[in-house]
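This report describes selected local and global features of one protein model. Backbone conformation, strand pairing, side-chain contacts and aromatic packing are taken in turn.

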Amino acid sequence: MKLIGFFNRDGGTFRTTDMAAYEKRAEQVFRDAGHDFEAVVVEGRNIVSAMERAARRDDIDGIVAGGGDGTISAAAAIAWKNDVALGVIPAGTMNLFARSLRLPLDIWQTLGVLATGEVDNVDIGSANGRAFVHQFSAGLHARLVRYRNSYTYRSRFGKMSASTRAAFGVIANPPEFDVDFEAGDIRGRRHVSAISVSNNPFGANALLYADSLRSGELGFYTAKPLRPLGVARLAIDMLRGRVRENTDVMVMHAPEVHLHFPKLRQLANCVMDGELLPLERDVTLKVHPGELKVMVRQGTAALVEREGRVDSLAV
């Protein structure tokens with residue numbers, strides 16, 4: 001394959017990495033595996049435009065993106081739009097998409113896995129046409145990200161500390177709002193503190209990421225209005241990977257979800273793949289089955305398919 005690697009020098013792990021050495025190692029690993037590969041280290045503010053220019057080239061089979069969840073989400077949208085393959089180097093804090101793809105979280109080890117791997121087709125989500133690989137959320141999560149962004153941090157651990165401080169702020173002051181929804185054949189209105197729509201349902205893990213990206217369904221989660229104790233209880237259930245068991249949470253699966261916010265505040269926010277954005281009054285969320293090409297470890301596609309058959313037999 002003819003590939004170009006884009007590494008965000010401002011992204012997470014890369015901030016403390018010898019990027020000249022990493023660039024050289026990446027080129028060697030991919031070329032030794034038979035690929036035509038060029039690596040580019042780019043500042044965060046320039047990486048999206050650089051990936052967009054490369055993906056539009058007629059001679060490119062794929063892009064390899066290294067950075068945090070925001071960089072990877074942008075790269076996935078570009079790969080999807082241009083129908084090229086995406087390789088993920090997990091250099092962020094959470095690396096949720098990489099976890100769903102079952103990639104190693106070590107940035108050096110991932111090079112070899114991608115270079116000797118295979119291309120699989122997985123689902124990607126969209127909200128009013130904007131792609132996301134992990135989730136769209138409003139309410140608790142959006143308030144947490146807004147609080148966290150108000151703090152100053154310069155490292156991965158600083159970001160985690162800011163997130164902890166923000167979490168306590170949200171517990172003390174949870175939001176409430178109305179939403180009209182349509183998910184599959186079900187319509188309704190709920191008064192809620194949180195909404196999350198995920199690209200494939202979340203697995204039973206503390207970080208809330210999908211175990212598989214091939215179900216062709218969105219996960220749709222709402223939490224009824226919560227007081228501080230209820231928010232704390234939800235946080236504990238999340239850490240235990242037991243969100244589905246929380247009685248305050250409604251869980252549904254559907255290929256398409258429509259949301260309408262009848263009393264939308266002017267400065268209301270949502271979060272898409274970790275990025276804080278203005279919340280629109282009407283949001284249409286869709287899953288696009290198998291439309292994203294991704295580079296994964298050799299044998300991953302067959303393994304996921306076998307696990308899916310076992311799960312269906314268990315049901």
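Residue D83 is located in the loop that connects α3 (69-82) with β4 (85-90). Although D83 is not a glycine, its phi is positive, at about 55°. The model discussed here is a predicted one.

A second non-glycine residue with a positive phi is N128, for which the angle is about 50°. N128 belongs to the loop between β5 (118-127) and β6 (130-132). With a relative accessibility of 35%, N128 is classed as partly exposed, because that class covers values from 20% to 50%.

**Strand β5 and residue S126**

S126 is part of strand β5. Its relative accessibility is 4%, so S126 counts as buried. The side chain of S126 makes a polar contact of 2.8 Å with the side chain of H288. When neighbours within four places in sequence are set aside, the residues in contact with S126 are W80, A131, F132, T284, L285, K286 and H288.

**The six-stranded sheet**

An open sheet is built from six strands in the order β12-β11-β10-β7-β14-β15, with antiparallel pairing. Which strands stand at the edges of this sheet? They are β12 (249-254) and β15 (275-278); each has a single partner strand, so one side of each has no neighbour in the sheet. From one strand to the next, the twist averages 20°.

Within this arrangement, β7 (residues 135-139) and β14 (residues 269-272) are paired in the antiparallel sense over three bridges. A138 has C270 in β14 as its bridge partner. Helix α6 (residues 140-149) lies across β7, β10 (194-199), β14 and β15, and runs at about 85° to β7.

**Aromatic pairs**

The model contains eight aromatic pairs. Two of them are set out below.

| Pair | Geometry | Centre to centre | Angle between planes |
|---|---|---|---|
| F7 and F14 | tilted | 5.8 Å | 50° |
| F30 and F37 | stacked | 4.3 Å | 10° |

The F30 and F37 pair is classed as stacked because its planes are 10° apart, and the class requires an angle under 30 degrees. The F7 and F14 pair, at 50°, is called tilted because this value is neither under 30 nor over 60 degrees.

Are the members of these two pairs buried or exposed? F7 has a relative accessibility of 0% and is therefore buried, and F14 is buried at 1%. In the other pair, F30 is buried at 0% and F37 is buried at 1%. Beyond their mutual pairing, F7 and F14 belong to one aromatic cluster together with Y22 and W108.

**Nonpolar cores**

In soluble globular proteins, nonpolar side chains tend to be buried together. Here, the largest nonpolar core has 53 residues, and the members that touch the most others are F7 and F97. Apart from this core lies another, of 26 residues, including F132, A268, M272 and V283.

Several residues recur across these descriptions. F7 takes part in the tilted pair with F14 and is a member of the largest nonpolar core. F132 is in contact with S126 and belongs to the core of 26 residues.

Methods: Residues numbered from 1 in each chain as written. Predicted model: local features only at pLDDT ≥ 70, side-chain atom pairs only at ≥ 80, totals over all residues. Heavy atoms only, no water. Phe/Tyr/Trp six-rings, centres within 6.5 Å; stacked < 30°, edge-to-face > 60°. Buried < 20%, exposed > 50% of the residue type's maximum accessible area, 1.4 Å probe, protein only. Helix = DSSP H or I, 4+ residues; strand = E, 2+ residues; numbered from the N terminus. Core = buried A, V, L, I, M, F, W, Y, C linked by side-chain atoms within 4.5 Å. Pairing = 2+ DSSP bridges. Axes fitted to C-alpha atoms, helices over the stretch in contact; angles between N-to-C directions. Contact = heavy atoms within 4.5 Å. Polar contact = N/O pair within 3.5 Å; in protein donor to acceptor, adjacent residues only side chain to side chain.
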